[in-house]
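Q: Could you take me through one part of this model up close? I'd like to look at the charged side chains and how they pair up.

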Amino acid sequence: FITAPDISTLFSKSLACHVAKTLKDCRNPTILEFGPGRGKMAADILLQLDTLNQLPDTYYCLELSPDLRSRQQATLQEHCPHLASRVTWLDQLPDTPFEGVILANEVLDAMPVHLFELGPDGAKERCIHWKNEQFAWQTADMPANIAPHVEALIAQHGLTAPYQSEINLLIAPWLQSANDCLSKGSITLIDYGFLSKAYYLPERNTGTLMCHYQHRNHPNPFFLPGGQDITAHVDFSCVIDAAQQIGLRVASFETQADFLLRSGITEIFEAQRSDDPKAQIQLSRELQTLLFPHEMGEIFKVVNLTKDGL
């Protein structure tokens, strides 16, 4: 599916302006990007940081897919060959903590989640089984490691049957691992989702699980197994709570629109104005997609976490 860096260079250039403020206070400044996709965000960030005279010594791309790694390398060679030597690919987090910035754009939504269903017999886990030569849903007793978390959600938000949703129990350990490899700097998380109060609204009783195939969204995870993206919205209350529990400071939590405006997207837009009417119309459409409430401006949120006094 298409992400913000694919939509417009305005996104990554604005993000680079935000990143530059942290890099200037770091020794041997480093950027680590989780899941760089096609490599467009990395290329645009490096180009913008070059113009700001705030390049990192190293730009880590944490990527497990050999195919995507090849695409990222090709993108960097095409768009910024003079900066490609600063990029290093990793298949695990660096062993030595670094000073700098960790970036995760649309990473949390792709994490595995546990599905639960509240019915006449209480809370059950929604599982998958093989029936009549195809995948199908079934319910099972809630595992002991999941039940307390689900029961707390039900009590906290007053959920009543029938109700289906999901819970991500990997956010806290993932944040801990990111925190462990950062000695000083910031972690910027960009994703779609809600605070817990809105995530578990009574009317959102079918959950947020979504599937993406050929730029179309649908709710069926059994369609083309292994050939589509499956995501769930992010519970940002969970993110914020987990960050605070491990000692990270929540410097800001805001909509994507507010974050990009604060990071200078309108100034970047003005600097990119074109005398070609078609090019200018396209640039304006890109800006609207990133900022307008009915597009990406409100559903996407940005959490900026800092460490060691930044």
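Let's start with one residue: is Lys-40 buried, partly exposed or exposed?

A: Lys-40 counts as partly exposed, with a relative accessibility of 21%. That puts Lys-40 just on the partly exposed side, because buried means under 20%. Keep in mind that this is a predicted model.

Now for its partner. The side chain of Lys-40 meets that of Asp-44 in a salt bridge, at 2.7 Å from N to O. Both residues sit in helix H3, which covers residues 40-51, and they are 4 residues apart, about one turn of the helix. Asp-44 is on the other side of the cut-off: its relative accessibility is 5%, so it counts as buried. As background, side chains of opposite charge can pair when their charged atoms come close.

The Lys-40 pair has company, since the count comes to 9 salt bridges under a cut-off of 4 Å between N and O. Among them is Asp-141 with Lys-124, where the closest N and O atoms are 2.7 Å apart. That pair links distant parts of the chain: Asp-141 belongs to strand S7 (residues 134-141) and Lys-124 to strand S6 (residues 122-131), 17 residues apart. Asp-141 is exposed, with a relative accessible area of 58%, while Lys-124 is partly exposed at 22%.

Another one is Glu-270 with Arg-273, again with 2.7 Å between the closest N and O atoms. Here Glu-270 counts as partly exposed at 43% relative accessibility, and Arg-273 is partly exposed with a relative accessible area of 47%.

Definitions and conventions:
Residues numbered from 1 in each chain as written. Predicted model: local features only at pLDDT ≥ 70, side-chain atom pairs only at ≥ 80, totals over all residues. Heavy atoms only, no water. Helix = DSSP H or I, 4+ residues; strand = E, 2+ residues; numbered from the N terminus. Buried < 20%, exposed > 50% of the residue type's maximum accessible area, 1.4 Å probe, protein only.
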